[in-house]
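Biologist: Please show me the model that we are to discuss. I should like to question you on its architecture and on some of its residues.

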Amino acid sequence: MIKLTHAIAVAAAAFAGIGMFGGAASADSARVTMDHTHEQITVVGEGAISAAPDVMRITAGVEVREETAAKAFKGARVAAAKLRDALVEAGVEEKDLRTNEVSLGPEYETYPKVAGYRAAQGVEAVVRDLTNADKVIDSVASIGEEARLNGISFELSDPAKALKAARARAFKQAAAKAKHYAELAGRPLGQVVSVAEDVQGGGPQPLMFAAGAMEDKAASITPGQQTVGVSVKVVYAFAD
């Protein structure tokens with residue numbers, strides 16, 4: 001049976017959320033457990049890396065209303081072709097264009113009386129050169145009143161690089177915690193028994209505007225920063 005030394009009592013108090021002076025324990029200390037039954041210590045390390053996104057994803061489209069379904073659909077197809085050509089001329093590669101909507105339906109004055117027909121066609125474009133961001137957005141507006149800009153998002157083209165750095169930071173923090181608590185317990189730290197990872201972040205980021213209007217020659221859009229975070233739970237054995 002292992003006796004609790006003063007150091008272990010301190011660690012146990014921290015895990016219970018009670019500081020030495022009656023205050024609440026930190027979030028880090030509360031995430032450490034000692035398993036004396038299996039001679040193990042479990043720690044959680046966290047790491048986060050921020051990086052500037054280098055890819056913009058834009059969703060746009062066209063919408064046409066006419067008195068007949070055929071006219072509406074034809075008008076939408078013609079406008080969609082104009083939009084596609086405008087995006088390519090603005091620097092978007094054809095392989096980075098994808099149709100994501102085609103729709104046609106009636107619009108009612110008072111049901112079931114049909115007032116006309118609405119046709120729409122949408123496209124998703126990937127912009128890999130962010131210096132063209134404003135130019136691409138302006139190209140959507142250039143095709144006329146049929147144009148629709150539905151939104152944009154930013155992402156990392158190589159999130160694995162940021163994830164690798166975040167993982168290393170999280171494991172380093174976990175190892176430092178384990179060493180510290182082993183010292184407090186007066187026990188030598190042994191080998192890693194298991195590692196479990198949880199990844200947070202890295203999804204598309206919302207549109208962010210810098211100062212200035214879109215019609216200005218200066219760039220009006222900035223991708224900001226995207227954060228990739230990792231939480232890693234590491235179980236160590238106590239050495240003999």
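The exchange below moves from the overall architecture to single residues.

Biologist: On what basis are the residues and values given?

Modeller: This is a predicted model, with residues numbered from 1 along each chain as its sequence is written, and local features need pLDDT of at least 70, side-chain atom pairs count only at pLDDT 80 or more, while totals for chains, interfaces and linings use all residues. Side-chain values use heavy atoms, with hydrogens and water left out.

Biologist: In what order do the elements of the protein run from the N terminus on?

Modeller: Helices (H or I, at least four residues) and strands (E, at least two) are taken as DSSP runs, numbered from the N terminus. The protein has four helices and eight strands. Their order is α-β-β-β-α-β-β-α-β-α-β-β.

Biologist: What percentage of the contacts in the protein between residues at least 6 apart in sequence join residues at least 24 apart?

Modeller: A contact means heavy atoms within 4.5 Å. Among contacts between residues at least 6 apart in sequence, the share that joins residues at least 24 apart is 77%.

Biologist: Which strands stand at the edges of the open sheet, and why is one side of each without a neighbour?

Modeller: Two strands pair if DSSP finds at least two bridges between them. The open sheet has four strands with antiparallel pairing, in the order β4-β5-β3-β6. Each edge strand has a single partner, so one side of it lacks a neighbour in the sheet; these strands are β4 (97-110) and β6 (147-155).

Biologist: How many bridges join β4 to β5?

Modeller: β4 and β5 form a hairpin with two residues between them. One bridge partnership is that of P106 with Y117 in β5. The two strands run antiparallel, and the number of bridges joining them is 12.

Biologist: Where is P112 placed, and what is the omega of the peptide bond that leads to it from Y111?

Modeller: P112 lies in the loop between β4 and β5. The peptide bond from Y111 to P112 is cis, with omega near 10°.

Biologist: Which residue of β5 is the bridge partner of T59?

Modeller: Strand β3 (residues 55-66) and β5 run antiparallel and are joined by 11 bridges. The partner of T59 in β5 is E124.

Biologist: Which elements do the buried residues of α3 pack against?

Modeller: Buried means under 20% relative accessible area, exposed over 50%, and partly exposed in between (1.4 Å probe, protein chains only). In α3, the buried residues are A133, D134, V136, I137, S139 and V140. They pack against β3, α2, β5 and β6.

Biologist: Why is α2 described as roughly antiparallel or roughly parallel to α3, and which description applies?

Modeller: Axes are lines fitted to C-alpha atoms, for helices over the stretch in contact, and angles run from 0 to 180 degrees between N-to-C directions. Helix α2 (residues 69-89) packs on α3 at about 160°, with the axes 9 Å apart. Angles under 35 degrees count as roughly parallel, over 145 as roughly antiparallel, 65 to 115 as roughly perpendicular and the rest as oblique. The angle therefore makes α2 roughly antiparallel to α3.

Biologist: Which residues of α2 and α3 make the contact?

Modeller: On α2, the contact is made by L83, A86, L87 and E89, and on α3 by K135, V136, S139 and V140.

Biologist: Is D129 buried, partly exposed or exposed, and what is its relative accessibility?

Modeller: D129 is found in the loop between β5 (113-127) and α3 (133-141). Its C-alpha atom is 7.0 Å from that of V55, 74 residues away in sequence. D129 counts as partly exposed because its relative accessibility is 38%.

Biologist: Which residue has a side chain in polar contact with that of D129?

Modeller: A polar contact is a pair of N or O atoms within 3.5 Å; within protein, one must be able to donate a hydrogen and the other to accept it, and residues adjacent in sequence count only if both atoms are side-chain atoms. At 2.6 Å, the side chain of D129 makes such a contact with that of T131.

Biologist: How many of the residues of strand β8 are buried?

Modeller: Strand β8 (residues 226-238) pairs with β2 (residues 40-51) in the antiparallel sense over 12 bridges. S50 has T227 of β8 as its bridge partner. Strand β8 is mostly covered, and its buried residues number 10 of 13.

Biologist: Which residues is G45 in contact with, leaving aside its neighbours within four places in sequence?

Modeller: G45 is in strand β2, and it counts as buried because its relative accessibility is 0%. The C-alpha atoms of G45 and V234 are 7.9 Å apart, although 189 residues separate the two along the chain. Beyond the neighbours within four places, G45 is in contact with A170, Q173, A174, V230, S231 and V232.
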